[in-house]
Protein chains: 2
Amino acid sequence: MTAQLIDGTTAARELRTEVADGVRAFVADGGRPSGLATVLVGDDAASQVYVRSKQRACVEAGMVDHHRHLPGDVTQEQAGAVLDELAADPEVSGVLPQLPLPAHLDADALLARIPALKDVDGLTTESAGLLAQGRAGRQPCTPAGVVHLLDRTGVQLRGAEAVVVGRSVLVGRPMAQLLLQRDATVTLCHSRTRDLEEVCRRADVLVVAAGIPGLVGADAVKPGAVVVDVGIHRVEGGLTGDVDGQTAASVAGWLTPVPGGVGPMTIAVLLANTLQAARLQRAAHAG
Amino acid sequence: MTAQLIDGTTAARELRTEVADGVRAFVADGGRPSGLATVLVGDDAASQVYVRSKQRACVEAGMVDHHRHLPGDVTQEQAGAVLDELAADPEVSGVLPQLPLPAHLDADALLARIPALKDVDGLTTESAGLLAQGRAGRQPCTPAGVVHLLDRTGVQLRGAEAVVVGRSVLVGRPMAQLLLQRDATVTLCHSRTRDLEEVCRRADVLVVAAGIPGLVGADAVKPGAVVVDVGIHRVEGGLTGDVDGQTAASVAGWLTPVPGGVGPMTIAVLLANTLQAARLQRAAHAG
């Protein structure tokens with residue numbers, strides 16, 4: 001068997017077009033133009049690249065870029081004041097600090113200043129709580145993008161055995177919640193899991209977000225499974241994921257490539273979440 | 001094999017004694033006597049029984065009973081005002097509305113008025129979010145009581161395969177989080193799980209909280225597994241759980257009885273959470 005690739009680039013382009021259409025319709029309907037405020041603290045090169053792609057995508061979708069760049073030595077108080085201002089600004093639909101924040105800042109306390117309605121990457125404790133309680137809220141972009149890709153394969157999530165590898169707060173844990181919301185039987189694995197390959201081989205749907213290059217190979221894949229690789233690592237000769245794609249492709253039914261799989265979806269979902277936030281804020285304002 | 005019984009009655013008595021000692025020490029150290037405010041709305045007989053046991057246990061542990069009983073037709077506004085008052089009252093360490101609340105009330109909106117520090121049954125979205133993010137917070141009493149019982153068996157949770165049956169917001173979901181926190185590989189099953197017996201048979205630790213009498217029998221138990229039965233149902237001839245105890249006991253290594261297993265632990269943990277809340281409130285006040 002050679003796995004079919006799940007084309008995240010195309011999926012992301014389609015979703016971004018859909019969002020752009022939605023933004024136009026929202027404005028035509030009298031809505032205030034949606035705006036995204038990315039917040040970058042300091043000068044980390046990788047973070048700058050990520051944030052710039054978000055800003056660019058935001059403008060391309062017809063939304064307003066409210067980016068803020070704060071110096072690396074900004075105080076907790078100063079950063080908090082900026083977040084409070086963005087939280088209160090009716091022009092700003094979504095607020096997204098680029099993580100990780102510098103170690104001298106209390107990230108949890110800063111994130112807590114973002115109102116749930118503007119928490120477009122589902123970073124806050126309130127958003128995590130809504131997700132854990134199975135209630136409506138903003139969903140973290142990367143796991144929500146994975147669900148979007150899974151749906152493109154036509155795999156039936158209800159009743160499926162889903163295995164998530166990695167329990168990070170930003171990806172693995174919310175990923176498990178979203179798969180549960182779709183009625184999968186969900187297993188969450190991590191560094192303490194005894195026989196990772198055995199557990200992974202049970203999965204009809206396997207999502208790997210461990211942050212370890214090539215952690216999962218063919219021996220950990222059930223024949224025909226849908227395998228989603230959230231990892232992305234720079235190695236000699238290019239980029240690689242948490243899945244050993246070359247061997248896994250011989251067993252899996254579907255596989256996301258790296259790059260061109262999950263990566264592009266994250267930004268597309270961010271835009272979708274921002275438009276959704278703008279709509280909800282208008283409804284809340286009208287209500 | 002005949003399973004050893006996990007004696008929840010003894011475990012609960014020991015924990016309650018420990019809490020009573022802790023309350024005495026806290027007061028001797030200048031702490032304000034801890035107080036628990038249970039809130040009962042209406043006259044449901046079962047709820048009255050549950051709430052009275054909590055009140056009684058609270059006084060027995062040396063804490064003050066701040067119980068409030070509201071009429072069944074109380075308005076959202078009136079109920080909210082009572083919760084706000086309890087939230088602000090420095091004599092009240094913990095606030096616990098008895099669920100379910102009558103259908104005419106917006107329970108989520110009422111629970112949101114309880115400050116995280118006084119949320120002694122981990123009911124609020126904020127507590128659920130802290131748990132989902134792996135951060136410190138008040139833990140729901142029943143699942144926390146289950147972990148307490150598991151620890152009494154000496155089972156190694158780290159790396160164990162744990163299976164939770166049932167995904168309720170009050171038990172199943174937080175149970176999975178607590179087992180993950182203890183480094184188990186956790187699978188969450190529910191009504192859509194395809195082959196429940198097969199999934200349960202993988203479990204070194206099996207927690208059943210499905211609300212269906214006798215759902216899990218011997219065929220769903222791995223030989224030697226630790227089986228915890230959260231269910232409690234009134235049937236002809238007495239009480240029974242979600243586990244068919246008679247058959248399961250022939251396969252399991254450890255089993256909680258019904259009654260006398262998980263039930264007594266819930267109140268004991270509630271008292272422990274209330275004392276912990278009083279300590280944290282003093283620290284927050286001093287800080």
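Biologist: Which residues does A:L179 touch, beyond those up to four places away in sequence?
Modeller: This is a predicted model, to be clear. In it, A:L179 touches A:L150, A:L157, A:A162, A:V164, A:A184, A:V186 and A:V207.

Biologist: What is the size of the largest nonpolar core, and which residues have the most contacts inside it?
Modeller: The largest nonpolar core has 132 residues. A:L179 and B:L179 have the most contacts inside it. In soluble globular proteins, nonpolar side chains tend to be buried together.

Biologist: A:L150 was one of those contacts. Is A:L150 in α6(A) buried or exposed?
Modeller: Buried. The other buried residues of α6(A) are A:C141, A:T142, A:P143, A:A144, A:G145, A:V146, A:V147, A:L149 and A:T153.

Biologist: How many residues of α6(A) are buried in total?
Modeller: Ten of the 13, so the helix is largely enclosed by the rest of the structure.

Biologist: What covers those buried residues?
Modeller: The cover includes helices α1 (8–28), α7 (172–181) and α10 (262–286) of chain A. Strands β8 (205–208), β9 (226–229) and β12 (254–255) of chain A are also among the covering elements.

Biologist: How far apart are the end C-alpha atoms of α6(A), and what span should its 13 residues give?
Modeller: The ends are 19 Å apart. At 1.5 Å a residue, the expected span is 18 Å, which agrees.

Biologist: What phi does A:G154 take, just after α6(A)?
Modeller: A positive one, about 80°.

Biologist: Now the other side of that helix. Where is A:R138?
Modeller: A:R138 sits in the loop between α5 (125–132) and α6 (141–153) of chain A.

Biologist: Is A:R138 buried or exposed, and what is the nearest side chain of opposite charge?
Modeller: A:R138 is buried, yet has no salt bridge. The nearest side chain of opposite charge is A:D119, 7.9 Å away.

Biologist: Which side chain makes a polar contact with the side chain of A:R138?
Modeller: That of A:Q276, at 3.2 Å. Beyond four places in sequence, the contacts of A:R138 also include A:L117, A:V120, A:N273, A:A277 and A:L280.

Biologist: Switching to salt bridges. How many are there over all chains?
Modeller: The search finds 30. One of them pairs B:R202 with A:E161, with the closest N and O atoms 2.7 Å apart. This pair crosses between chains. B:R202 is in the loop between α8 (196–200) and β8 (205–208) of chain B, while A:E161 is in strand β6 (residues 161–165) of chain A.

Biologist: Are B:R202 and A:E161 buried or exposed?
Modeller: Both are buried.

Biologist: Within chain B, what does B:R32 pair with?
Modeller: B:E91, at 3.1 Å between the closest N and O atoms. The two are 59 residues apart, so to speak in distant parts of the chain. B:R32 is partly exposed, at 42% relative accessible area. B:E91 is partly exposed too, at 36%.

Biologist: And which residue meets B:D183 in a salt bridge?
Modeller: B:R158, at 3.4 Å from N to O. B:D183 is in the loop between α7 (172–181) and β7 (185–189), and B:R158 in the loop between α6 (141–153) and β6 (161–165), so the pair ties together parts of chain B that are 25 residues apart in sequence. B:D183 counts as buried at 12% relative accessibility, whereas B:R158 is partly exposed at 41%.

Biologist: Which residues do salt bridges with shared partners join into one network?
Modeller: A:R158, A:D183 and B:R167.

Methods. Residues numbered from 1 in each chain as written. Chains lettered and ligands numbered in written order. Predicted model: local features only at pLDDT ≥ 70, side-chain atom pairs only at ≥ 80, totals over all residues. Heavy atoms only, no water. Core = buried A, V, L, I, M, F, W, Y, C linked by side-chain atoms within 4.5 Å. Buried < 20%, exposed > 50% of the residue type's maximum accessible area, 1.4 Å probe, protein only. Contact = heavy atoms within 4.5 Å. Helix = DSSP H or I, 4+ residues; strand = E, 2+ residues; numbered from the N terminus. Lys, Arg positive; Asp, Glu negative; His and termini not counted. Salt bridge = Lys/Arg side-chain N within 4 Å of Asp/Glu carboxyl O. Polar contact = N/O pair within 3.5 Å; in protein donor to acceptor, adjacent residues only side chain to side chain. Expected span 1.5 Å × (residues − 1).
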